[in-house]
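I opened this notebook page to look up how the chain is built overall, and then to follow one residue through its surroundings.

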Amino acid sequence: MADGKKRANLRDVAAVAGVSVATVSRVLNTPTAVTEKTRERVQAAIDELRFVPSAAARAINSGRTRIVGALIPTLDNAIFARFLDAIESQLAPHQLSLIVATTNDDPEREAQKAQHLVDIGAEGLILSGITHSDALYRLIERVQMPAIATSYFDAGYRLPTIGYDNRAAAIMALRHLVDLGHRDIAVLHGPQGNNDRTRARIAGLKDAGLPARLSFHETELSIGGGSATAHDILTAGPAPSAILCLSDVLASGASFELRRAGHDVPGRISLMGIDDLPGSSFLEPPLTTVRLPVRDMGDAAARALAEWVEQGRVPQSQELRPALVVRQSTGPARDR
């Protein structure tokens, strides 16, 4: 301790209050099981000794850690910051604490991180997407772990899903550009690998049946990746009339490159994203995008998991709707 004194424990509180250690434990865990007079004596001793109950000891006594885990691809994206903030806000009234682990979209790493969360007593898990390893499924089934998949909606999935239709979000963006007359559209996207959200968006664009010529360009999911890939597109030949980025992160990089190269947006090239990150409305020009209901998803997932953990109520899958947000980065296609 800061003053050099030994931290008080249950025995110290019991000695000062003149009761047994078991009585102190009951006051802390089941206060209605002891008389008001005894509770007052124990509380006075706690205050005098500045006693702080051990979370580990309380977990042993109650059989509850009140911890849930969230497994997300990365913390290097503002969309996950909003998602986690919503989760924590909704867990707080249930006195549940959140531990976050990153997976880098690696199913094996995700399974290892999930095992670590189980080892420290996690009572539930929130996952990203629906692509996971057999090891993770076996773990969830073996320990009967409440687990919810997010960022994807699939009513037939083996776990409850709370998310959105990624195909529909991508088609919504493409339709907006096509309605503006764009036919030659470059699509920027992050690595497909184990990212089922990106794969679904690409599949949606390919299957949309809209009158547009699409070229697909994969890059790292970063501002730098968006900028470098936009540069490659602009220098490889005739520029497309629009660039559709399947993430606002990539769109931010493309926006910076278009300005650096002197291209008029949207007069010469329209630019569009998907996400609606907090900074997207502050780009120049402000970015047209598809808003993903990330905060609503975090709220809903946290509430559903809390009810599952606390009451044993298995949630139903829930679909949340994306929304088109039209700003100044898109405009009518220019005649060629």
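I began with the term I needed for the chain-wide count: a contact means heavy atoms within 4.5 Å. The model is a predicted one, and I kept that in mind throughout.

**Entry 1, contacts and secondary structure.** Among contacts in the protein chain between residues at least 6 apart in sequence, I noted that 72% join residues at least 24 apart. For the secondary structure I found 12 helices and 12 strands.

**Entry 2, dimensions.** I looked up the radius of gyration, which is 26 Å for the protein chain, whereas a compact globule of 336 residues would have a value near 20 Å. The C-alpha trace spans about 90 × 45 × 30 Å along its principal axes.

**Entry 3, surface and charge.** Of the 336 residues, 49% are buried. The accessible surface of the protein chain comes to about 16100 Å², and carbon and sulfur atoms hold 49% of that surface. I also checked the charges, 37 positive and 38 negative, and their mean positions lie 4 Å apart.

**Entry 4, one glutamate.** I then turned to E218, which is found in strand β7, running over residues 213-218. Is E218 buried, exposed or partly exposed? Its relative accessibility is 47%, and because partly exposed covers the range between under 20% and over 50%, E218 counts as partly exposed. Leaving aside neighbours within four places in sequence, I listed H189, G190, P191 and Q192 as the residues in contact with E218. Finally, I looked up E218 against E284, which is 66 residues away along the chain, and their C-alpha atoms are separated by 24 Å.

Technical notes. Residues are numbered from 1 along each chain as its sequence is written. This is a predicted model: local features need pLDDT of at least 70, side-chain atom pairs count only at pLDDT 80 or more; totals for chains, interfaces and linings use all residues. Side-chain values use heavy atoms; hydrogens and water are left out. Helices (H or I, at least four residues) and strands (E, at least two) are DSSP runs, numbered from the N terminus. The radius of gyration is taken over C-alpha atoms; the globule rule is 2.2 Å times the number of residues to the power 0.38. Buried means under 20% relative accessible area, exposed over 50%, partly exposed in between (1.4 Å probe, protein chains only). Accessible areas come from the Shrake-Rupley method with a 1.4 Å probe; for residues, only the protein chains shown count as cover. Lys and Arg count as positive and Asp and Glu as negative; His and the chain ends are not counted. The place of a charge is taken as NZ of Lys, CZ of Arg, CG of Asp or CD of Glu.
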